[in-house]
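Let's look at one structure together and ask how each label is earned. Have your questions ready!

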Amino acid sequence: MKKQVVLYKKLSPALMTRLQQHCDVTLIESLDADGLMKLRDALPGAYGLLGASLKLDAALLDLAPQLQAIASVSVGVDNYDIDYLTRRKILLSNTPDVLTETTADTGFALILATARRVVELANMVRSGQWHRNIGPAHFGTDVHGKTLGIIGMGRIGEALAQRGHFGFGMPVLYHSQSRKPAVEARFDAQYRSLEALLQEADFICLTLPLTAQTEGLIGAEQFALMRPESIFINISRGKVVDEAALIDALHHQRIRAAGLDVFEREPLNHDSPLLQLNNVVATPHMGSATHETREAMARCAVENLLAALAGEKPANLVNPVAWQG
Ligand code: DGY
């Protein structure tokens, strides 16, 4: 008998067919109040879950006593209580690797957009305010040759370093839990303490996951260490940053600009003070959002789920302790 799987993210027809060959699939089309109700109704029969952008806490998952596997269509796993899942021997998988380059592209898009004021100046043209050759009041700052500071040297951090070092001739500084000799050799990157990196880098880019240790890592004290020329980029998770402190730093020109793909609360409220500031480029958590990459992530999640439900070890198992072989 096929196992029941609940999807809370739509799949392409090809992936849906692949999943349906092996499982009985219930699709929750959207995560509005109605969709959440349908999800709750489907949980008691679910052996597998596949989706993203939903906090799956113990209160919800207690409704799914037969659950064996969750395949998250994301690299970040901050929506899951891993200890709880491990206690219940529920296998959690994610989708690393396939989104690395695309997410690093987004990081670099934000670096260029903030430094060269792309959004602000494009809006000036669009709104009919371009009357003469622009002068210093509209000039940006160079990216090439400036110092790139990366906090969290995982796969995405490395892909950002690659772009900065080889593409833009940027000296690379990094801070992470441990030293990365291969990264240092390949990109001529230098390790720094968090404090030193914040003081030295022209571009300060967050690429680290949200965990109990990283939540609120960048607050008033850290913004105070940055320079008025610093540009702050966040493509990790909003909660790694104290957003009120960021807004304060921008208001008081303690930093030059911010490029933000993630926020404390998403979607960002349209009356957020961040949106009043010309030197903020805000994008809608689009790090991995290309057709190719989202399909690759979904494919990866489907394969992870099918493996787990077939009693095999998924390629991207997040909680190996739950694996019983
Ligand atoms: C990820 O894959 O974690 C992206 O940030 C989407 O949530």
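**How the labels are earned**

T86 has its place in helix α4. This is a predicted model, in which local features need pLDDT of at least 70 and side-chain atom pairs count only at pLDDT 80 or more, while totals for chains, interfaces and linings use all residues. Residues are numbered from 1 along each chain as its sequence is written, and side-chain values use heavy atoms, with hydrogens and water left out.

Q: What makes α4 a helix?
A: Helices are DSSP runs of H or I with at least four residues, strands are runs of E with at least two, and both are numbered from the N terminus. Helix α4 covers residues 82–87.

Q: Why is T86 called buried?
A: Buried means under 20% relative accessible area, exposed means over 50%, and partly exposed lies in between (1.4 Å probe, protein chains only). T86 has a relative accessible area of 16%, so T86 is buried.

Q: What is the distance from the backbone oxygen of I82 to a polar atom of the side chain of T86, and how does that fit a polar contact?
A: The distance is 2.8 Å. A polar contact is a pair of N or O atoms within 3.5 Å; within protein, one must be able to donate a hydrogen and the other to accept it, and residues adjacent in sequence count only if both atoms are side-chain atoms. The 2.8 Å between I82 and T86 is within that limit.

Q: How do you know that strands β3 and β4 pair?
A: Two strands pair if DSSP finds at least two bridges between them. β3 (residues 48–51) and β4 have four bridges, in the parallel sense, so they pair. G51 stands opposite S72 in β4.

Q: How many bridges pair β4 with strand β5?
A: There are three, again in the parallel sense, and A69 has L91 in β5 as its bridge partner. From β4 the chain crosses through helix α4 to β5, and this β-α-β crossover is right-handed. That word applies if, with the strands pointing away from the viewer, the path from the first strand over the helix to the second runs clockwise.

Q: Which residues of β4 point one way, and which the other way?
A: In β4 (residues 69–72), A69 and A71 point one way, I70 and S72 the other way, and all are buried. In a regular strand the side chains alternate between the two faces of the sheet.

Q: Which strand has V172 and Y174 pointing one way?
A: That is β7 (residues 172–175), where L173 and H175 point the other way.
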